[in-house]
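Subject: A structure for you to look at

Hi,

Here is the structure I promised to pass on. Have a look first, and then read on for my notes on what turned up.

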Amino acid sequence: ARDREALKNSGPPDNFRDGDIGYVFVHGAGGTVDRCAAGNDLFEYWGAAPALVAPDQNSRKLACYDGREDVASQAKRVAEQIDGFDCGRYRRCVIITHSMGGLLIEHMFTHTEAAPAGDANPKLYENAALYRKVRDKTLFVISLASAAGGSKVADILISGSQQSAMQKISG
């Protein structure tokens with residue numbers, strides 16, 4: 001945790017180079033196709049956008065999922081991909097999301113701990129350990145046109161805990 005805090009506070013080192021961190025793009029296109037199963041469809045969907053944010057193509061990855069399915073059922077699929085991505089020398093990734101991609105990240109980061117006692121749907125927390133791994137390797141999240149919980153997600157990244165983020169929000 002101390003290394004994570006030091007990295008956030010120090011900014012990029014003077015000798016920062018492409019490949020020191022990774023960039024993960026989580027799309028928002030849904031509705032008609034499983035973008036994981038559709039060959040180059042995901043690359044065609046993003047077009048040149050990944051190159052604008054991460055010019056080094058070796059540092060950027062695209063996460064895919066079936067946008068016809070609900071967020072909770074696809075979050076594990078995306079988390080497994082992010083967990084498997086090489087996030088460079090610092091082992092940290094910047095996650096860039098669009099639309100439903102932001103909701104996927106919000107779901108992951110708000111389900112990183114065991115289900116609270118009496119929770120109506122404890123199944124949502126069954127991937128908590130995997131979601132914690134994704135949260136811990138995430139430097140920060142950029143969400144474009146997302147309905148995700150903005151400040152709540154940022155607080156979770158900073159505090160490392162949904163509980164302390166929720167306490168902060170509720171006063």
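Two strands pair if DSSP finds at least two bridges between them. Helices and strands are themselves DSSP runs, numbered from the N terminus (H or I and at least four residues for a helix, E and at least two for a strand). With that in hand, β1 (residues 22–26) pairs with β2 in the parallel sense over four bridges. Within this pair, Val 26 sits opposite Ala 63 of β2.

A word on the source: this is a predicted model, in which local features need pLDDT of at least 70 and side-chain atom pairs count only at pLDDT 80 or more, while totals for chains, interfaces and linings use all residues. Residues are numbered from 1 along each chain as its sequence is written, and side-chain values use heavy atoms, with hydrogens and water left out.

**The sheet**

The β1–β2 pair belongs to an open sheet of four strands, ordered β2-β1-β3-β4, with parallel pairing. At its edges are β2 (60–63) and β4 (138–144), each of which pairs on one side only. On average, neighbouring strands of the sheet are turned by 20 degrees against each other, direction ignored. For the angles here, axes are lines fitted to C-alpha atoms, for helices over the stretch in contact, and angles run from 0 to 180 degrees between N-to-C directions.

Two helices pack on this sheet, where contact means heavy atoms within 4.5 Å. Helix α5 touches β1, β3 and β4, and its direction makes about 130 degrees with that of β3. Helix α6 (residues 128–137) touches β3 and β4, with its direction at about 90 degrees to that of β4.

**Helix against helix**

How do α4 and α6 cross? Their axes come within 9 Å and cross at roughly 50 degrees. That makes α4 oblique to α6 (under 35 degrees counts as roughly parallel, over 145 as roughly antiparallel, 65 to 115 as roughly perpendicular and the rest as oblique). Residues of α4 that meet α6 include Ala 75, Lys 76 and Glu 80, and among their partners in α6 are Leu 130, Tyr 131 and Lys 133. By class, this contact has six nonpolar, no polar and five charged residues. Here Ala, Val, Leu, Ile, Met, Phe, Trp, Tyr, Cys and Pro count as nonpolar, Asp, Glu, Lys and Arg as charged, and the others, Gly among them, as polar.

The axes of α4 and α5 also come within 9 Å, crossing at roughly 85 degrees, so α4 is roughly perpendicular to α5. On the α4 side the contact includes Val 71, Ala 72 and Gln 74, and on the α5 side it includes Met 100, Leu 103 and His 107. The residues of the α4–α5 contact divide into 11 nonpolar, two polar and no charged.

**Some loop residues**

Most residues other than glycine have a negative phi. Arg 91, in the loop between α4 (71–84) and β3 (93–98), has a positive phi near 55 degrees. At 58% relative accessibility, Arg 91 counts as exposed (buried is under 20% relative accessible area, exposed over 50%, partly exposed in between, with a 1.4 Å probe and protein chains only). Ser 99 has a positive phi too, of about 50 degrees, and lies in the loop between β3 and α5 (100–109). With a relative accessible area of 26%, Ser 99 is partly exposed.

Best wishes
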